[in-house]
2 protein chains.
Amino acid sequence: MSEKLDQIKQLFGEVADLNRAASVLSWDQQVNMPQHGGEARGQQLATLGKLAQEKFTSDEMGRLLEDLKNEHSDAETDEGAMIRVAARDYDKAKRVPPSFVAKQAVVASKAFEAWVEAKGKSDFSIFQPHLEKVVELVKEYISFFPPANHPYDVLLDDYEPGMKTAEVREIFGNLRPKQVELIKAIADSKQVKDDFLHKKYPEKKVWDFSETIITQFGYDFSRGRQDKAPHPFETTFSVNDVRITNRFEPGNPLATLFSAMHEAGHAMYEQGVNPAYERIPLASGVSLAIHESQSRMWENLVGRSLPFWEYFHPQLKKIFPSQLDGVGVKAFYKAINKVEPSLIRVNADEATYNLHIMLRLEIEIGMVDGSIAIKDLPEIWNEKMREYLGITPPDDARGVLQDIHWSYGSIGYFSTYALGNIVSAQLWEAVNKDVRNLEDEFRKGRFEQLLVWLREKIHIHGRKYDPQDLVQKVTGSRIDSAAYVRYLTKKYSEIYGL
Amino acid sequence: MSEKLDQIKQLFGEVADLNRAASVLSWDQQVNMPQHGGEARGQQLATLGKLAQEKFTSDEMGRLLEDLKNEHSDAETDEGAMIRVAARDYDKAKRVPPSFVAKQAVVASKAFEAWVEAKGKSDFSIFQPHLEKVVELVKEYISFFPPANHPYDVLLDDYEPGMKTAEVREIFGNLRPKQVELIKAIADSKQVKDDFLHKKYPEKKVWDFSETIITQFGYDFSRGRQDKAPHPFETTFSVNDVRITNRFEPGNPLATLFSAMHEAGHAMYEQGVNPAYERIPLASGVSLAIHESQSRMWENLVGRSLPFWEYFHPQLKKIFPSQLDGVGVKAFYKAINKVEPSLIRVNADEATYNLHIMLRLEIEIGMVDGSIAIKDLPEIWNEKMREYLGITPPDDARGVLQDIHWSYGSIGYFSTYALGNIVSAQLWEAVNKDVRNLEDEFRKGRFEQLLVWLREKIHIHGRKYDPQDLVQKVTGSRIDSAAYVRYLTKKYSEIYGL
């Protein structure tokens, strides 16, 4: 290994240590921190972020990257991929002046406060001037980068390297009419019964059962843990310390099980990254969409499948005999897959979820390219809700104000949620070609073959390949909604007898 | 505020953020970290430590300190004290070359492994060559500093700024014969009964009661929390986030209560430091002895006192009616104060504890000044155990190998444990002069007056005054064992009818 490679790995290592230390502090803030610890924690996180940024954008880093680009130009090698990915990150980081980041933080902080108030009062006009400023800054951010086919490309690229607005629109454009059609067909069918899902389930038993399931999936508790937090999330401190959080909602007790599967899907991805990538920029999942393909696969394609419950339903009935009295596995399976157009994205079922996303994507693109005026947002939102889901929000709180993301300036990543669903179905078809009788395995409570396949095809590579290239490599085609449409149609045709 | 003062505070702030981030990571390592997370965590901690050190010993820091020393020479002002304390820390940090720190880490790591093996096999000869290297490095460390009256002064000063070996020897020299005499008198008396302390007590109830007690003391759970860990300790992330850990030993169930009081004593000190000192070098307790004076006061002078239990004993009996059936408050009080010379320091009672410390201090001084050869340690240890405590360790594991400290090169701070006991009694006499009827307050379960006094006299000052100066300021005399002898003699004369 060359001396310069040693030097850059040393630098990468320190940046990684700072960023992962910050992740520990953030996790602690969500999970453990006492009421008054926030101010100091904010300062500590700011300092870690600043030092990581300074180190990553240092002249030394720039020189080393420049020198090593030629020496390691083969992106098929780990070193080549590392330099390629780091050089792209470096270029992005250098384009954005620290003063802009500071300015954005101030605007976001105020916008967040305004959003909280606006949502509380269900009054978009309180949020509107702040969102206008947020969008102005997003446009300024875009201006730091070379002109793209569409300004929104710049934002997408931060979460989904290489992905273009036109591509996403095409993918979603193919999917939307089919998904809208499916939901209409379901609406015309007899609704399934799910009252038993909303009975009282004791929290501890649900929590323990969630850990039984994800342990069986292959989430490694000797390299992770599950804790209570206000929102479920996954966070990585090293390949050997990948944690998830979860919550318990008395009104929706079994949601804890599906959240655990979802977050464990993210976590198994991170636990499966090549350990040789520790402390270099390849050491994490490659993009939000690929990440979401993993979480959604374990949550939905596995966790909301009939074979899965053919194995787990008897156990569940033993633990909750009164709640599930007289409920057979088929009825249970139908209930957890009930489709019902609803107002709130985070509560949406598998069949309607993507439509919530598509609505947001179109609005984001419109805000960024100027074709949508911020003041018109509530109206446009409600119009699209009617068009896509056939329902009208009764107020802004349950409409345009429901999500936190825009308030802190986060524009560009909603689409990755839907792309993740789409990719999960493509991978599903691929693994079912490679591994025969996967469903029979699930019926026996065995998930190793799926995990081994994912490890080898996806997880191990970390950030080595760009998302579209990775999907192409593994499935033979780029991201495309056909497999997802097949999956949804088959599943819901059976459940609703379409 | 001058521009330079702004600059140095900015630097101090970043160093503090790095160090406190490291504390969060260490706490998490003890409390939460999954089995395999250690290697990456070690690297993250090393990076945070290295960056904090680099920043603190930077030329910029040196220049600013030099410039500000003259401008802020009045150590009675906060700015003056800050510069004085930081300049001393800086001088120390600059004297020790980074290469030495790295070398010491390697030796310590090997010595620690050897100690684990030696203790397991109860064979000092396995540890001996490693301890010899550790002591050689300690001598090298001392050589980086200007010659002192005694080489051990350099080590003491790291934990107890300004304290000299001769002073500690004098303090201990006055105390030892009296304490040995007291123990002999107790040994000739009728032993107290304490079998009921070792019955089965359910863990959760003990844990909850420990939190009842420390909440009543004034430990602020909105700025802290108590978690399970292998060893009890206190750690500070900010004045508003001061956490403690505790454990439950089935063989010694009520130890959890006293550990909670002890660690809460440390934590209330840190919660009471002037909030204006956040992120500058004054923001913590001033020394280990003063810290220990706080923990020991709450644990022993309060928590093992009769008035305290006159309030809490009825509650305890309600929670554990069968375990404490027929046990009155006096019998309970005597039991928790039972004196019995024993082999292991960490299990020692209040009356014998200091003798364990004095033994270690004499041996440490001898190792450092060369008057004791490492190979003779087991023999010298056992000799002193006979002389001080009247018992002989049956093997090295329960003798010279019992403590972890020397294995990682930590020589110089044992004495602070005993100094803490001594100071706690001096402060006790002082507060009882200032606050009338403190014991009556305790009988009503009220501890505010004690805490308010400690806040004002000790806590608020952080590191502003050196320990001896602080004790002088508050009690009118320097550290002196007379008050402690009075306290021990009175207490045990009553309990044992001497």
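The following questions and answers concern helix α16 of chain B and the interface of chain B and chain A. This is a predicted model, in which local features need pLDDT of at least 70 and side-chain atom pairs count only at pLDDT 80 or more, while totals for chains, interfaces and linings use all residues. Residues are numbered from 1 along each chain as its sequence is written.

Student: How many Å apart are the end C-alpha atoms of helix α16 of chain B?

Tutor: Helices are DSSP runs (H or I, at least four residues), numbered from the N terminus. The expected span is 1.5 Å times one less than the number of residues. For the 21 residues of α16 (residues 414–434) of chain B this gives 30 Å, which agrees with the end C-alpha atoms being apart by 31 Å.

Student: How many residues of α16(B) are buried?

Tutor: Buried means under 20% relative accessible area (1.4 Å probe, protein chains only). The helix α16(B) is largely enclosed by the rest of the structure, because the buried residues among its 21 number 17.

Student: How many salt bridges does the rule find across the interface of chain B and chain A?

Tutor: A salt bridge is a side-chain nitrogen of Lys or Arg within 4 Å of a carboxyl oxygen of Asp or Glu. A:Arg243 forms one with B:Asp28, with the closest N and O atoms 2.7 Å apart. Across the interface of chain B and chain A, the number of salt bridges found by the rule is six.

Student: Which helix gives the largest share of the side of chain B that touches chain A?

Tutor: Contact means heavy atoms within 4.5 Å, and 38 residues of chain B are in contact with 38 residues of chain A. The elements α1 (3–31), α2 (38–56), β2 (234–238) and β3 (241–246) of chain B each supply at least two residues of this side. The largest share, 11 residues, comes from α1(B).

Note on methods:
Chains are lettered from A and ligands numbered from 1 in the order in which they are written. Side-chain values use heavy atoms; hydrogens and water are left out. Buried means under 20% relative accessible area, exposed over 50%, partly exposed in between (1.4 Å probe, protein chains only).
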